[in-house]
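The report that follows describes selected local environments in one protein chain, together with the rules by which each feature was assigned. Please read it alongside the sequence and the coordinates shown here.

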Amino acid sequence: MPLEEPRSGQAKPAAPMSAHPAAAPARPTDRAIDARDLTRDLARDLERDLESELLDLVARTREQASEDPFRNPVLAVTLAITRQLDRDEIGEADLDALLATLRRRALTARAERLRGYVGLDADASAGEPSPVADLANRLVAAVARGSGDFEAFRDRVGRTAFAAVFTAHPTFGMARAVAELIARAASLAEADRRAPIIGEAAARSTRPDPQISLDDEFEQACVAANHGRAAIDAFNGAILDAARARWPDRWTELVPKPLAIASWVGCDTDGRTDIGWWDTMRYRLISKRMQFDRLLRDLPDIPATRVVRELTAGARAAVERQLAGAPLLGTKPSLEAVHRFALALIIERERAQTDAGPILAGLAAAIGAAETDADRRAIAVLRSGVAAHGLSNALPHFRLNASQIHNAVRRVIELEGEPTDAAQRRSHLSAINTLLNDVRAVPVDFGALAAERASAARLMMTITQILKHVDGTHPVRFLIAETETGYTLLAALWLARHYGISDRLEITPLFETASALEQGIRVLDDALRNPHWRAHLKRLGRLSVQFGYSDSGRYVGQLAATFWIERLRLRITELMVQNGLSDIELVIFDTHGESIGRGAHPTSLRDRLAYLAPEDSRQRNARAGIRERLESSFQGSDGYLMFGSPELAGASVARIAEHVFADALTEDDAFADYALNDRAAAPATDPIYEEADFAAEFFRVVRQDMEALVDDRGYAALLGTFGPSLIDRTGSRPVARQSDGGGPAAITHPRQMRAIPNNAILHQLGYLANSLHGVGRAAHRAPELFRHMRQNSVRFSRAFRLVQHASSVGDLDVMRAYIDSLDPAVWLERARRTRREARRDELVTIAAALERLNLAPDLRRLFGRLTRDGLFLQAAAPDLATMSTRLALLHAIRLALIHRIWFLAAHIPSFRPQAGLTREMLLERFLRLDIDGCLKLLDEIFPVTPDPTLGLNFGEPPGPRDVGTYEIEHNTLFGPIRRMFERVREISGIIQHEVGAFG
């Protein structure tokens with residue numbers, strides 16, 4: 001309880017921004033903007049153009065900073081905005097109108113970039129054939145006429161060579177409604193038609209939906225997958241059309257399936273315990289129902305399709321009955337409920353179909369009986385979709401962690417120590433080989449699944465039941481995160497054999513950490529030395545590997561990660577040749593985010609695909625006779641946008657198809673600009689491969705500098721002080737850990753946070769260190785060769801575009817402004833010079849709290865490290881763009897709001913310690929922007945409602961009660977703080993769109 005009311009002699013708090021007391025919060029509602037609001041906003045715009053004033057202020061202060069190197073232009077603008085807020089020259093309504101304008105501009109630019117990224121503008125040429133039709137015609141033309149030409153073409157288009165994988169990483173950084181509006185706008189060629197849609201999006205908040213469940217993520221993934229499937233159907237139809245013109249008597253024999261859609265939403269249990277096996281089963285049944293819906297919708301209503309239509313309709317009805325018994329997400333079903341669901345799966349199993357064979361046979365018969373080419377084509381397109389995806393809307397990918405595999409096998413293997421310990425390596429490999437010699441499959445039922453506690457065993461049993469009762473058409477992908485030893489692969493193989501599904505499971509190691517990228521080839525070599533693993537690969541006919549760009553990028557730098565991943569790709573090719581595995585398929589799944597810090601290329605989708613699958617690597621596989629299947633992730637709101645409408649999905653699929661078949665075309669037909677270099681033609685041999693020493697040294701320096709940065713205490717302080725509070729929760733994964741004393745846990749090393757928030761925080765702090773740091777010193781060591789590579793190496797120049805983009809959305813002045821905001825000396829210097837006595841007290845209070853946090857020494861040292869490398873980069877690449885004036889203004893406005901929150905927090909009255917929490921500790925939490933947690937505590941400490949026991953007779957003399965309420969504190973302190981923090985988060989959403997992605 002409070003010790004006292006604020007004394008009359010106390011300094012008054014910084015005045016809230018002018019508005020009536022019931023000013024609306026900053027977060028826009030989903031209602032249409034009132035006409036009176038528009039009129040009032042227009043009148044205000046006529047009186048004053050605040051946006052232009054502040055943009056001009058940013059430009060002038062930046063220019064003045066070149067003459068005054070001791071002045072930070074961002075803090076100068078922040079101070080100017082603060083003074084205008086103090087003088088009521090900017091009120092809440094003014095600020096909200098400004099943010100609405102900046103939000104509209106950011107969304108407009110986002111939609112335009114999205115349209116250009118997937119190549120919609122290039123596809124919009126009037127009178128030209130569609131890109132997929134043009135590509136299909138060129139593919140047919142590229143097959144030399146003669147004996148066996150049809151068979152050659154059938155083989156070329158009949159093998160799946162690429163899969164787009166929709167994942168549920170927590171990167172749902174915008175509201176679903178806003179994402180849908182951006183996709184709609186980007187699908188339109190005319191800017192004047194896009195404008196009202198962008199206006200509708202700008203009337204909403206840029207923040208993510210408040211509650212994002214796994215069901216929400218699954219629904220959004222399904223929308224993207226459905227658009228992707230439709231676009232792939234269009235491509236398959238174009239292939240059939242082109243083939244019909246060349247082979248009119250045989251085209252119906254084709255089953256083209258070069259592209260596929262996959263998803264792991266609902267199947268990813270790496271680091272999660274909140275997904276029940278019944279949830280995964282339910283999602284697979286929904287996916288199955290979608291496949292049946294597609295068939296029933298698109299099958300021609302002709303006598304030839306009657307049998308297959310009835311078969312499909314009966315199967316769909318059975319799946320509907322199975323789903324009726326499925327427990328809902330978030331429930332803890334009783335044993336009786338699980339039992340009912342299991343019985344429904346078993347009873348309806350035969351009617352629901354568990355293999356695509358009967359439906360494929362029915363479709364083939366319908367093609368033969370159809371009377372028109374149009375009907376035959378429609379049925380053939382559906383047959384291709386079923387052949388590629390089985391009884392699923394999207395192929396499933398299951399994922400868990402290597403440690404979960406180890407724990408499951410530990411029950412049957414009597415060894416001490418960890419498999420990742422080099423000293424234990426041989427003993428573990430020997431022990432698991434002995435187990436594989438004697439393994440026998442055990443029966444699996446839903447009772448055993450319900451009773452199983454080991455997560456890896458439970459997931460294996462879930463997959464077993466899915467293959468048995470839902471869809472067993474294709475083997476399923478089984479991804480293992482943090483694979484750093486061959487033992488992990490062999491242990492997973494033992495589990496698969498134990499449950500009888502080893503021939504249906506594609507065990508796939510994820511190589512992402514620095515250690516895994518270095519040791520990946522030894523991991524595979526250890527596994528390949530085992531006859532059981534070699535036999536497993538031979539039976540499946542493929543080796544699958546997964547590369548991760550998130551952790552690798554944040555620990556060794558994104559450019560260095562690119563090099564290490566490519567090196568591992570080349571060594572895998574050599575290993576397959578050495579082990580006589582050239583006759584099996586190599587599946588490479590690139591799991592990257594949608595931002596450059598997590599591996600997504602910023603220039604275009606075409607460039608992104610070429611960046612992930614370098615031409616040199618593809619050519620080496622081709623020369624070795626190794627067939628390659630590429631897969632790439634599309635993550636969360638940002639990734640799903642590329643499939644957010646039929647038009648966007650069509651363009652994305654066209655770019656993917658062009659990438660897949662670029663090497664199949666004749667020289668005359670090849671895409672002239674496929675290399676995406678600024679020059680007209682690339683040299684026959686990329687110089688980055690000829691100068692192997694330069695490449696090795698350059699990327700080694702980047703890695704060394706990034707690893708040193710990650711271990712810098714200042715870097716952890718930069719990321720962890722208030723960075724996590726700048727971003728909203730963006731997915732269904734559990735939130736971050738809490739400290740024992742309340743509030744978010746202190747971050748002492750980047751490994752304590754996930755890669756996605758790590759990267760998102762760098763976006764919000766205005767310097768993308770994991771894409772920039774170390775590149776300057778690496779370039780400085782050989783500046784002439786560096787410039788030569790930028791100019792003449794397709795591979796190096798493509799990779800360097802990540803640096804170019806990072807530079808265009810980063811500014812050391814912005815980062816310095818955030819760092820200086822955590823330096824007590826800056827606040828004390830400001831206190832020395834202020835003329836406002838009340839402000840001086842606030843400044844001194846903030847400085848004292850920052851001194852207790854003691855962050856400044858580490859942060860100053862960190863800034864020196866970043867600046868030194870930045871100076872090297874500036875000298876080596878003086879043409880790099882810098883942060884836009886608009887983005888710099890957003891940072892300055894947000895800093896002014898953060899400072900204002902701190903000013904108000906300095907006026908919180910004293911109170912008795914609450915569960916060990918003192919006023920000083922509360923102020924420190926304010927400095928870390930734990931605003932929601934602080935306000936919740938303040939609502940309890942300073943209640944706004946009277947004590948409900950007042951006036952009640954409890955039969956005894958009344959004890960002491962606090963009879964007052966604290967409406968003044970809520971109106972002048974807590975309410976304004978809450979509204980300002982809403983605006984802080986809103987600006988974070990706008991910055992996300994300016995940068996181009998979340999996380």
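## A helix residue and its contacts

Leaving out residues up to four places away in sequence, R703 touches A514, E518, V556, A560 and W564, where contact means heavy atoms within 4.5 Å. R703 belongs to helix 31, residues 692–710, and helices (H or I, at least four residues) and strands (E, at least two) are DSSP runs numbered from the N terminus. With a relative accessible area of 11%, R703 is buried; buried means under 20% relative accessible area, exposed over 50%, and partly exposed in between, with a 1.4 Å probe and protein chains only.

The model is predicted, so that local features need pLDDT of at least 70 and side-chain atom pairs count only at pLDDT 80 or more, while totals for chains, interfaces and linings use all residues. Residues are numbered from 1 along each chain as its sequence is written, and side-chain values use heavy atoms, with hydrogens and water left out.

## Strands and their pairing

Strand 8, residues 628–635, is largely enclosed by the rest of the structure, because 8 of its 8 residues are buried. In a regular strand the side chains alternate between the two faces of the sheet. Both faces of strand 8 are covered, with E628, L630, S632 and F634 buried on one side and R629, E631, S633 and Q635 buried on the other. Strand 2, residues 259–263, is likewise mostly covered, since 5 of its 5 residues are buried; L259, I261 and S263 lie on one side and A260 and A262 on the other.

Two strands are taken to pair if DSSP finds at least two bridges between them. The parallel pairings are set out below, each with one bridge partner pair.

| Strands | Bridges | One partner pair |
|---|---|---|
| Strand 1 (residues 162–167) and strand 8 | 6 bridges | F166 and F634 |
| Strand 7 (residues 585–591) and strand 8 | 5 bridges | L586 and E628 |
| Strand 1 and strand 2 | 5 bridges | F166 and S263 |
| Strand 2 and strand 3 (residues 395–401) | 2 bridges | A262 and L395 |

F166 thus appears in two of these pairings, with F634 as its partner in strand 8 and S263 as its partner in strand 2.

## Nonpolar cores and cavities

A nonpolar core is a set of buried Ala, Val, Leu, Ile, Met, Phe, Trp, Tyr and Cys residues joined through side-chain atoms within 4.5 Å. The largest such core has 307 residues, and F478 and F698 are those with the most contacts inside it. Helix 42, residues 885–905, supplies the largest share of this core, namely 15 residues. Apart from neighbours within four places in sequence, F698 is in contact with L559, V775, A778, A779, F786 and F796. A second, separate core has 8 residues, among them V165, A260, A262 and L479.

On a 1 Å grid over the protein atoms alone, a cavity is a set of points where a 1.4 Å probe fits but cannot get out, and lining residues have an atom within 4 Å of a point. Grid points are joined across faces, edges and corners, and a volume is the space filled by probe spheres set on the points. By this rule there are 12 cavities of 30 Å³ or more, and the largest has a volume of about 100 Å³. This largest cavity is lined by 14 residues, of which S392, P396, D471, H474 and V476 are the closest to its centre.

## Three loop residues

S793 sits in the loop between helix 36 (783–792) and helix 37 (794–808), and with 0% relative accessibility S793 counts as buried. Not counting residues up to four places away in sequence, S793 touches D686, P687, I688 and H788. The C-alpha atoms of S793 and Y689 are separated by 9.0 Å, although these residues are 104 residues apart along the chain. A polar atom of the S793 side chain lies 2.9 Å from the backbone nitrogen of F796.

Most residues other than glycine have a negative phi. D88, which is not a glycine, has a positive phi of about 60°; D88 lies in the loop between helix 3 (73–86) and helix 4 (92–118) and is partly exposed, with a relative accessible area of 43%. L929 also has a positive phi, near 60°, and is found in the loop between helix 43 (919–927) and helix 44 (931–941), but L929 is buried, with a relative accessible area of 1%.

Conventions
Polar contact = N/O pair within 3.5 Å; in protein donor to acceptor, adjacent residues only side chain to side chain. 1 Å grid on protein atoms, 1.4 Å probe; cavity = no way out; pocket = protein on both sides within 12 Å on 5 of 7 lines; lining within 4 Å.
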